[in-house]
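Here is a note for a colleague who is meeting this structure for the first time. Please keep the sequence and the 3D view open while reading the numbered points.

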Amino acid sequence: MQKQLRPQHGAASMDKLKRVLILSLITQLITGIRCDCVTTFATICSTVDDVKTLGNEEWTELIVGEEMCGKRTTIGRPREHLAVETFTKSPNLRMLYLVEKVRNIEVGAFQTVGNLNYLKLYKNLIKVAALGTFSGFRHLAMLDLQHNSIENLATGCFANSSIESIDVSNNLISSIATGVVDLPGLLRLSISHNRLVHLAERCFNEDLEHLDLSYNSLSHIDLGVLNGLKNLKTFILNHNKIKAIIPIPFLKKLQILDVSSNGVQHIEDKAFTDNLDLQELYLNNNSIKYVSHTSFPTQSNLITLHLHRNLLTLLTGDLGNALPKLKHITIGGNPWACSCLTIIQTYFNMKGIQFEQCDLTHLTDGLNPVCYASGSRECVGNEHVEILKEDVSSFQSSYKCTFKPAAFN
Ligand SMILES: *[C@@H]1O[C@H](CO)[C@@H](O)[C@H](O)[C@H]1NC(C)=O
Ligand SMILES: *[C@@H]1O[C@H](CO)[C@@H](O)[C@H](O)[C@H]1NC(C)=O
């Protein structure tokens, strides 16, 4: 009897198993609840757990993100944890994107993926970058940590790594200590949109070529910080609180300097005399009353100079002579002495220097003032003219022209 029953029992359980399988398949198709890793041009996994269990030596490009199973779930708060074991099964990764996923990273989580070329960790909730967190990368081209909640980069958090470009913009960093970002071979560093108030001496490496510190709260930068930066080409400092520009003689290769929107009141003599390669200088939206030719080298290579929205009343011919290569200038939103403005504009036209033409229509229709009627018909070289605050704001609000050079797209 038992021999007859057994096959029947077996067939019934097979059937049941099939039904369960089909049901679960349908459930998966309908709800998209569970999805493993899918490989197209890159492998896409929906959770860090999937990476840990399904990881594969063949994976080279991995995205851990939400747009999976044809369904874009509403993105919740990142809460995943990257552990030491997370990537052990996929040691050949070259490109890793973890976006809107991660809450914390265990030290050593990346130790098995030292061959990564691109590590993108933007829009996560990473708070801590501890000693050794980003250590041991042999040739990382880009480490992208934008839009996290990092308050502090611990000393040694990038230790023993070769990284070409680090972007920690849009975090909560208030200071940079020595020995943190001082990496040989680091060419590009952006710490923009943070809370920087302090930079330690020699915190940057001499290899650095592009440094972006814009949108912070720096009121000054000690010369010891910039001392060794002999390869720096681009230095972006707009939207900080720097009040005076002093000579920075070490930056011999500097080509682009942006100190706009800082509240700069004063540019020292010889401020730029050693920056012989300087081609673009952005000083707009400050409180500069006077720009002297003595701030520039005798044969400056400056091509672009932005001076709009300042407190300038005049420019002298000496400045023109010191800037023989000048091609673009912005001058709007300044309380120019009217007699000087005509002379300045005639000079620019004669030299083929481009400036905002829109100011001319303001001048002729008389609706929006572009200059200050000082009463004198002569353009007198008085750099200390007192101008009423209301006048300045009317000049600045009448400045509607935008003038963006190609380099700042
Ligand atoms: C960096 O490498 C040195 C020498 O191999 C080692 O002693 C040190 O612990 C490493 N530091 C980190 C943070 O990995
Ligand atoms: C001009 O600079 C001030 C700070 O001095 C800043 O608050 C403002 O946003 C800047 N304006 C523009 C258009 O960037």
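1. How many residues does helix α5 have, and what span should they cover at 1.5 Å a residue? Helix α5 runs over residues 338-351, and its 14 residues should span 20 Å, which agrees with the 20 Å between its end C-alpha atoms. The expected span is taken as 1.5 Å times one less than the number of residues in the helix. Helices here are DSSP runs of H or I with at least four residues, while strands are runs of E with at least two, both numbered from the N terminus.

2. Before going further, please note that this is a predicted model, in which local features need pLDDT of at least 70 and side-chain atom pairs count only at pLDDT 80 or more, whereas totals for chains, interfaces and linings use all residues. Residues are numbered from 1 along each chain as its sequence is written, and chains are lettered from A and ligands numbered from 1 in the order in which they are written.

3. Which residues of α5 are buried? They are Cys340, Leu341 and Ile344, where buried means that 20 or more other C-beta atoms, placed from the backbone, lie within 10 Å of the residue's own, exposed means 12 or fewer, and partly exposed means in between. These buried residues cover an arc of only 100° around the axis, which puts them on the same side of α5; the arc is that of the directions from the helix axis to the C-beta atoms. The face turned away from that buried side carries the exposed residues Thr346, Asn349 and Met350, and just after α5, Gly352 takes a positive phi of about 70°.

4. For the protein as a whole, the secondary structure comes to seven helices and 26 strands, and 36% of the 409 residues count as buried. Taking two residues to be in contact if their C-beta atoms, placed from the backbone, lie within 7 Å, residues 24 or more positions apart account for 47% of the contacts with a separation of 6 or more.

5. The largest nonpolar core has 90 residues, of which Leu62, Ile163, Val181, Leu211 and Phe235 touch the most other members. Such a core is a set of buried Ala, Val, Leu, Ile, Met, Phe, Trp, Tyr and Cys residues joined through C-beta atoms within 7 Å. Setting aside residues up to four places away in sequence, Val181 touches Phe158, Ile166, Ile176, Leu186, Leu189, Cys203 and Phe204.

6. Around ligand 1 stand Leu131, Gly132, Ser135, Gly156, Ala159 and Asn160, a residue being counted if its C-beta atom, placed from the backbone, lies within 6 Å of the molecule. By class this shell has two nonpolar, four polar and no charged residues; Ala, Val, Leu, Ile, Met, Phe, Trp, Tyr, Cys and Pro count as nonpolar, Asp, Glu, Lys and Arg as charged, and the others, Gly among them, as polar. Asn160 belongs to the loop between β12 (152-153) and β13 (163-167), and its phi is near 60°, a positive value in a residue other than glycine. Asn160 counts as partly exposed, because it has 13 C-beta neighbours inside 10 Å.

7. Asn285 also deserves a look, since it has a positive phi of about 55° although it is not a glycine. Is Asn285 buried or exposed? Asn285, in the loop between β22 and β23 (304-306), is buried, with 22 other C-beta atoms within 10 Å.

8. Leu278 is found in the loop between β21 (266-267) and β22 (280-282), and it counts as buried because it has 23 C-beta neighbours inside 10 Å. Beyond four places in sequence, Leu278 touches Leu254, Gln255, Leu257, Phe272, Ser300, Asn301 and Leu302.

9. Lys233 lies in the loop between α3 (223-226) and β18 (234-236) and is partly exposed, with 17 other C-beta atoms within 10 Å. Although Lys233 and Lys253 are 20 residues apart in sequence, their C-alpha atoms are 5.5 Å apart in space. The contacts of Lys233, leaving aside neighbours within four places in sequence, are with Glu209, His210, Lys253, Leu254, Gln255 and Ile256.
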